[in-house]
Structures are given as C-alpha cells and as structure tokens.
Amino acid sequence: MTIVKLAVVGAHLEGMPLHHQLTSRQAAFVAATQTAPSYRLYAIANSTPPKPALVFDETGTSIAVEVYELGVEAFGSFTAEVPAPLAIGTVTLADGSQVKGFVAEPRALIGARDITEFGGWRAYIKSLA
C-alpha cells in the first residue's frame with residue numbers, strides 16, 4: 001500500500017476539533033516535530049472551528065507540527081474535505097525532509113493575525129484561555 005506522510009499544524013492536531021478526520025481514516029501518528037525555520041503562522045479570521053494558515057516565508061521560523069501517515073486512498077478522501085483558503089502542499093520539516101501538509105492561499109491572510117511568535121497552534125490556543 002502506498003503511504004503518504006501529512007503534516008498538520010492546527011485544528012487537526014491531536015485533541016483539536018478536526019482530529020477525528022484523521023483518526024476516522026486510521027491515520028498513524030509518526031512524530032511531533034517542527035517545520036524548517038522558514039514559515040509564518042497566522043490565525044485565519046472568522047474561521048469555524050478556528051484554523052491557522054501556514055505560509056512559507058524565508059524570514060519566518062520553525063512551527064510545531066504533527067506528522068501522520070495515511071494510505072493514499074485515505075489521503076485522497078481527506079484532501080477532498082480541505083476547505084479554501086487552505087490547501088495541501090509540500091512542507092519542509094526541520095530535518096530537511098519534505099512531506100505533504102497544510103498550506104494557505106494568499107487570501108487566507110486577509111484579516112488574519114500573525115501568531116508566528118507562539119511557535120505553534122497549541123501555544124496560541126493556550127494563550128487565549
């Protein structure tokens with residue numbers, strides 16, 4: 001079976017509202033890690049549930065992610081549910097490897113808050129409490 005590695009950065013993290021979209025597809029947790037130090041993270045405006053936008057930016061930093069493995073059919077059905085302005089692209093991890101992962105279209109940044117300083121979605125969500 002062909003396996004796809006997928007990096008998630010926000011609402012699909014373990015314990016977050018959309019994690020069930022992975023577990024219902026028997027996604028296997030691989031690692032909690034970081035992106036390469038070239039990304040920025042934004043809280044998308046008016047997103048329900050709240051979601052982040054991960055954007056490549058050479059002036060950025062490392063962002064916390066979780067990596068999962070899915071069969072190619074499960075990956076296909078998963079990506080079919082990804083709503084704009086989010087997309088699945090290629091994300092470079094801290095070790096230099098590349099995996100599929102959540103990225104954002106430029107329109108995701110309209111009204112968004114730059115939350116890069118938190119280093120990840122969990123830390124940002126915790127700051128809101």
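Modeller: Helices are DSSP runs of H or I with at least four residues and strands are E runs of at least two, both numbered from the N terminus. By that rule, Thr 35 falls in the loop between β2 and β3. The model is a predicted one, so local features need pLDDT of at least 70 and side-chain atom pairs count only at pLDDT 80 or more, while totals for chains, interfaces and linings use all residues. Residues are numbered from 1 along each chain as its sequence is written, and side-chain values use heavy atoms, with hydrogens and water left out.

Colleague: Thanks, that helps me get started. Why is Thr 35 called buried?

Modeller: Buried means under 20% relative accessible area, exposed means over 50%, and partly exposed is in between (1.4 Å probe, protein chains only). Thr 35 has 0% relative accessibility, so this loop residue counts as buried. To place Thr 35 in the chain, compare it with Met 1: the two are 34 residues apart in sequence, and their C-alpha atoms are 27 Å apart in space.

Colleague: What is the overall secondary structure of the protein chain?

Modeller: The protein chain comes to 3 helices and 8 strands. Along the sequence, they follow the pattern β-α-β-β-β-β-α-β-β-β-α.

Colleague: And what makes you call the protein chain as compact as a globular protein of that length?

Modeller: The radius of gyration, taken over C-alpha atoms, is set against the globule rule, which is 2.2 Å times the number of residues to the power 0.38. For 129 residues the rule gives 14 Å, and the protein chain has a radius of gyration of 14 Å, close to that value, so it is as compact as a globular protein of that length. Taken along the principal axes, the C-alpha atoms fill a box of roughly 40 × 30 × 25 Å. Of the 129 residues in the protein chain, 45% are buried.

Colleague: How do you know that strand β3 is largely enclosed by the rest of the structure?

Modeller: Strand β3 covers residues 39–43, and 5 of its 5 residues are buried, so the strand is largely enclosed by the rest of the structure. Both of its faces take part: Tyr 39, Leu 41 and Ala 43 point one way, Arg 40 and Tyr 42 point the other way, and all are buried.

Colleague: What makes β3 and β4 a pair?

Modeller: Two strands pair if DSSP finds at least two bridges between them. Strand β3 is joined to β4 (residues 52–56) by 5 bridges, and the two run antiparallel. If you would like a spot to look at, Leu 41 stands opposite Leu 54 in β4. Strand β3 also pairs with β8 (residues 113–114) in the antiparallel sense, over 2 bridges. There, Ala 43 has Arg 113 as its bridge partner.

Colleague: Which strands stand at the edges of that sheet, and why?

Modeller: The open sheet has 3 strands in the order β4-β3-β8, with antiparallel pairing. Strands β4 and β8 each have a single partner strand, so they stand at the edges and one side of each is left without a neighbour in the sheet.

Colleague: On to charges. Why is the contact of Arg 25 and Glu 81 called a salt bridge?

Modeller: A salt bridge needs a side-chain nitrogen of Lys or Arg within 4 Å of a carboxyl oxygen of Asp or Glu. The count by this rule is 4, and the pair of Arg 25 and Glu 81 is one of them, at 2.8 Å from N to O. Arg 25 lies in the loop between α1 (20–23) and β2 (28–34) and Glu 81 in the loop between α2 (72–79) and β6 (86–92), so the pair ties together parts that are 56 residues apart in sequence.

Colleague: Is Arg 25 buried or exposed, and what about Glu 81?

Modeller: Arg 25 has 14% relative accessibility, so it counts as buried. Glu 81, at 40%, is partly exposed.

Colleague: What does the salt bridge between Asp 114 and Arg 40 tie together?

Modeller: The side chains of Asp 114 and Arg 40 meet at 2.9 Å, N to O. Asp 114 lies in strand β8 and Arg 40 in strand β3, so the pair ties together parts that are 74 residues apart in sequence. With a relative accessible area of 28%, Asp 114 is partly exposed.

Colleague: And which parts does the pair of Arg 122 and Glu 66 tie together?

Modeller: The closest N and O atoms of the Arg 122 and Glu 66 salt bridge are 2.8 Å apart. Arg 122 belongs to helix α3 (residues 121–128) and Glu 66 to strand β5 (residues 64–71), so the pair ties together parts that are 56 residues apart in sequence. Arg 122 counts as partly exposed at 37% relative accessibility, whereas Glu 66 is buried at 7%.
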